[in-house]
Amino acid sequence: MALGTATTKETRRLALVGSGMAISIGNNAVLGSSFAHSTPLEVTLAVAIAGVLMLVIALCFVEMSAMFPGGVGLRAFTRAAFGEQWSTALTLLYILMAIGMGAFEAHLCYSVFRAWLPGAFASVLVTAILSLIVWINLLGFEAPEKLQTICTLAVVGMLWLLALPGLTHAPAPTPVLASARLGSGLLLAVPTALFLFVGVEWACYSATKRSTFAVELPRGVRWAIVIVASAYLPLSVAFPRVLDPRVIPTLELPHLALAPTGTAVWYLAIAISVLALTTTFNVGLGGTARMLYALAREGVLPKTLARLSAGALVPRRAVLLVAGVVLALVPWFELSTVVQSMPIVLAINLCVVYLLALCSWLKLKHTKQARPSLRSSMPVWPVVAAMAVLAIVLCDALASHLSSGVALVMLGELVLIGSVTALRPVPEALVEQ
Amino acid sequence: MLEVLQQFSQRANENGDVRRVVGAWTVDLVLAACDADERWVLEVRDGCIVSVQSRAVDEGDSRQVEVSGTRAVLEALFSGGLNPVRAATRGDLEIYGDMSDQTRLDAVALILWGP
């Protein structure tokens with residue numbers, strides 16, 4: 001009985017960690033951006049499809065994390081599958097994606113304040129809050145898991161509360177979209193919806209025991225996906241019922257538009273949004289800095305980043321680097337091209353990362369492994385099916401939605417990743433004798 | 001192996017930076033050699049390694065970090081011949097434990113043997 005209780009508790013903890021990492025205020029803007037090219041039905045369908053895709057992806061992450069406990073998940077298993085250079089490039093892409101998401105969240109934090117404060121005050125307030133978060137991170141203070149849990153539940157509750165009136169609202173007439181091909185809107189809505197689930201796989205880093213990888217972690221990520229889907233499916237239905245679908249993509253905080261301005265619900269939504277944005281930023285900053293630190297410890301990045309502060313044991317230089325880059329990127333989000341390109345860029349990056357992660361799983365599955373923990377038990381067909389869907393939506397996103405803004409950002413990413421990977425190849429000799 | 005661990009303990013306990021960085025760390029470091037079916041336990045109490053024993057693991061109250069690998073890998077790890085982060089990434093080493101405990105372990109290696 002006690003064992004059963006402990007298992008349930010650990011499953012619940014991992015489910016909340018995973019869903020907490022995925023659910024963010026930025027997701028509402030990303031979900032809203034889908035209405036620019038997809039019908040309301042396609043957007044809702046896309047959220048459901050993305051949930052199923054993420055289930056397969058997350059379970060692959062669980063299996064591969066179990067193969068490399070203690071290693072940086074994505075880095076470890078892509079290295080085993082594709083070798084040093086590809087793994088480095090993919091890990092850097094993941095880090096860049098996290099930094100881009102951080103900048104986007106910080107920009108949205110500014111937008112929340114701007115909803116009820118003059119622009120200058122909002123800028124000062126956001127800078128002060130972000131600086132405070134960086135300082136807290138440097139002190140090594142990690143927000144208690146309980147606070148993160150409360151925050152996750154508060155955001156889910158808020159989204160339900162905001163979506164509820166919309167669900168009973170009569171549907172607005174669907175406008176004719178520019179998209180001519182049947183279902184073409186669905187193709188781009190899927191990777192965008194997949195973005196809503198990003199972070200569920202971070203639950204793998206919170207597994208601390210050997211047995212957890214086998215039992216509680218798979219259950220935890222399944223529940224995390226259910227929680228995320230339960231937050232965004234109602235929202236995807238409510239948005240077009242309450243708001244004009246042509247207007248939704250132009251809103252940076254579409255969820256606030258679901259509540260009448262100035263009401264108690266509106267202020268509550270603002271308060272929860274600020275809390276969620278700051279905790280997401282805090283966790284994201286710490287996690288991304290630790291990935292940079294791990295790469296530096298391996299000798300892939302300059303060793304100056306491989307230093308921990310005494311006492312707090314925080315990779316201070318990595319934290320400052322991430323925070324500096326994020327803060328430098330925030331003003332760029334004032335440009336409408338950047339804001340509009342961001343969901344597409346993130347969707348493309350995400351498809352690439354997850355597609356290659358699934359390829360890694362497939363390769364590791366078919367490589368003869370010496371260690372029992374390196375053997376996988378999951379069937380191949382769902383993974384192949386997920387890979388096929390990801391490949392199709394990725395090709396469609398590249399073929400149909402590659403605007404000059406998107407192309408420019410991706411070129412920048414390629415140049416940066418290519419330079420780091422090519423200029424700093426990891427010398428095998430650097431490794432221990 | 002026991003000799004390597006004792007030397008490691010002495011070096012870590014005598015190093016002021018290690019003591020300062022790990023603070024009041026209390027944990028059982030459980031080392032498991034997957035190729036030799038052997039286990040060693042380093043008892044860390046208030047930032048000091050108080051005992052090194054070759055024994056089975058108690059499911060006691062102490063927090064545990066389990067480090068598993070071949071005997072050669074574990075020997076290299078505790079004698080400074082192996083970068084723990086790199087070894088975990090390569091799959092040569094399995095580490096089970098709280099993230100803060102893993103960071104402390106890596107910090108000790110970082111101080112004793114450099115980046």
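Two rings of Phe, Tyr or Trp pair if their centres lie within 6.5 Å. In this predicted model, Phe61(A), Phe77(A) and Tyr354(A) form one aromatic cluster.

**Exercise 1.** Find which residues Tyr354(A) contacts, leaving aside its neighbours within four places in sequence.

*Solution.* Start with the cluster: Phe61(A) is among the contacts of Tyr354(A). Next, add Met54(A) and Ile57(A). Then come Leu194(A), Val198(A), Gly199(A) and Glu201(A). Leu390(A) completes the list.

Now place Tyr354(A) in the core. The largest nonpolar core has 146 residues. Tyr354(A) is one of the members that touch the most others, and Leu194(A) and Leu390(A) are also among them. Another core, of 32 residues, lies apart from this one and includes Leu29(B) and Leu112(B).

**Exercise 2.** Classify the ring pair Phe35(A) and Phe239(A) as stacked, tilted or edge-to-face.

*Solution.* The structure holds eight aromatic pairs over all chains. Take this one. The ring centres are 6.4 Å apart. The planes stand at 85°, so the pair is edge-to-face, because the cut-off for that class is over 60 degrees.

Now locate the partners. Phe35(A) sits in the loop between helix 2 (26-33) and helix 3 (40-67) of chain A. Phe239(A) belongs to helix 10 (residues 216-242) of chain A. The pair therefore ties together parts 204 residues apart in sequence.

**Exercise 3.** Decide for Trp202(A) and Tyr205(A): buried or partly exposed?

*Solution.* Buried means under 20% relative accessible area. Trp202(A) has 15%, so Trp202(A) is buried. Tyr205(A) has 28%, so Tyr205(A) is partly exposed. Their rings form an edge-to-face pair, with centres 5.5 Å apart and planes at 75°.

Key
Residues are numbered from 1 along each chain as its sequence is written. Chains are lettered from A and ligands numbered from 1 in the order in which they are written. This is a predicted model: local features need pLDDT of at least 70, side-chain atom pairs count only at pLDDT 80 or more; totals for chains, interfaces and linings use all residues. Side-chain values use heavy atoms; hydrogens and water are left out. A nonpolar core is a set of buried Ala, Val, Leu, Ile, Met, Phe, Trp, Tyr and Cys residues joined through side-chain atoms within 4.5 Å. Buried means under 20% relative accessible area, exposed over 50%, partly exposed in between (1.4 Å probe, protein chains only). Contact means heavy atoms within 4.5 Å. Rings of Phe, Tyr and Trp (its six-membered ring) pair if their centres lie within 6.5 Å; planes under 30 degrees apart count as stacked, over 60 as edge-to-face and the rest as tilted. Helices (H or I, at least four residues) and strands (E, at least two) are DSSP runs, numbered from the N terminus.
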